[in-house]
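Me: Please take a close look at one part of this model, beginning with the surroundings of a single side chain and following the connections outward from there. I would like one connected account rather than a list.

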Amino acid sequence: NSNGAIDVSGKGYAGGAVSSNGYGPGGGQSGGSGGGYGGAGASSGAAAGGITYGTKYLPVELGSGGGGGVSSSGMAGGGALKLKVEGALVVAGTISSNGASIANNGGAGSGGSLIIESETLNCSGGTIVANGGTSTSGGAGGGGRITYKAETYNACGFMAVGVANVGTIVNIPNTPTNLVMQSRTTSSVIRSFIDRSFSKNNFY
């Protein structure tokens, strides 16, 4: 169904009250800056945006709220969703965990977390998104984090962006054994061991 939706947008950490910091590890600051998560929140000009946190390989955190502005509260971050499907998952509509937006001077929320696991993932024109919210006079929220795990996938539109900084999108190949994923830096090799079964309980 092209109109179908699974939506946990705005279900994360709350935004701050007027002239108060937003909630969460990457909460925006008093003065209306955006919340951070996969990407940092945007500055409002009066306050720095929220920081990044969590891991891109197993995103289980809620998105952080934006900071309260001089006359407006900040907005909530996106929620956390794990979707595991036996066989094929067809997404014709949307799966989303966006930060909440505001048309005022409060900060917007960051995108949240999405974990998608299936044997086959076919988006069939649908989208999977964890975007940061927008704010007309405050700071925008940073992008969230998306991890998808499938043997085959096609036609998928993944987004973890927004007006502020881009979040993370990671594809973990679906194999029957544990994975070793490597990312090289100038001085070291960082290895993350990811079990076939994701283990975290606090999901919608």
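Reply: Contact is taken here to mean heavy atoms within 4.5 Å, and the model under discussion is a predicted one. With its neighbours within four places in sequence left aside, Leu121 touches Leu89, Val91, Ile116, Ile128, Tyr148, Ala150, Thr152, Tyr153, Asn154, Cys156 and Phe158. Leu121 is also among the residues with the most contacts inside the largest nonpolar core, a group of 17 residues in which Ile95, Leu114, Ile116, Ile128 and Ile146 are named alongside Leu121 for their contacts. Two or more residues of this core come from each of the elements β2, β4 and β6.

From the core one can turn to a charged pair. The side chains of Glu117 and Lys149 form a salt bridge, with an N to O distance of 3.9 Å, and this pair ties together distant parts of the chain, since Glu117 sits in strand β4 (residues 113-122) and Lys149 in strand β6, 32 residues apart. Both partners are shielded: Glu117 is buried, with a relative accessible area of 4%, and Lys149 is likewise buried, at 2%. By the rule applied, the count of salt bridges comes to 1.

Strand β6, which spans residues 145-149, leads on to a further strand. It is joined to β9 by 4 bridges, and the two strands run parallel; within this pairing, Thr147 stands opposite Val170 of β9. Strand β9 itself, residues 168-171, has one covered face, made of Thr168 and Val170, and one uncovered face, made of Ile169 and Asn171. In a regular strand, side chains alternate between the two faces of the sheet.

A separate site that repays the same attention is Ser33, placed in the loop between β1 (5-7) and β2 (80-90). Although it belongs to a loop, Ser33 has a relative accessible area of 0% and therefore counts as buried. A polar atom of its side chain lies 2.7 Å from the backbone nitrogen of Gln29, and a polar atom of that side chain lies 2.7 Å from the backbone oxygen of Ala48. Apart from neighbours within four places in sequence, the residues in contact with Ser33 include Gly28, Ala42, Ser43, Ser44, Ala47, Ala48 and Gly49, and also Gly66, Gly67, Gly107 and Gly139.

Terms used:
Residues numbered from 1 in each chain as written. Predicted model: local features only at pLDDT ≥ 70, side-chain atom pairs only at ≥ 80, totals over all residues. Heavy atoms only, no water. Buried < 20%, exposed > 50% of the residue type's maximum accessible area, 1.4 Å probe, protein only. Polar contact = N/O pair within 3.5 Å; in protein donor to acceptor, adjacent residues only side chain to side chain. Pairing = 2+ DSSP bridges. Salt bridge = Lys/Arg side-chain N within 4 Å of Asp/Glu carboxyl O. Core = buried A, V, L, I, M, F, W, Y, C linked by side-chain atoms within 4.5 Å.
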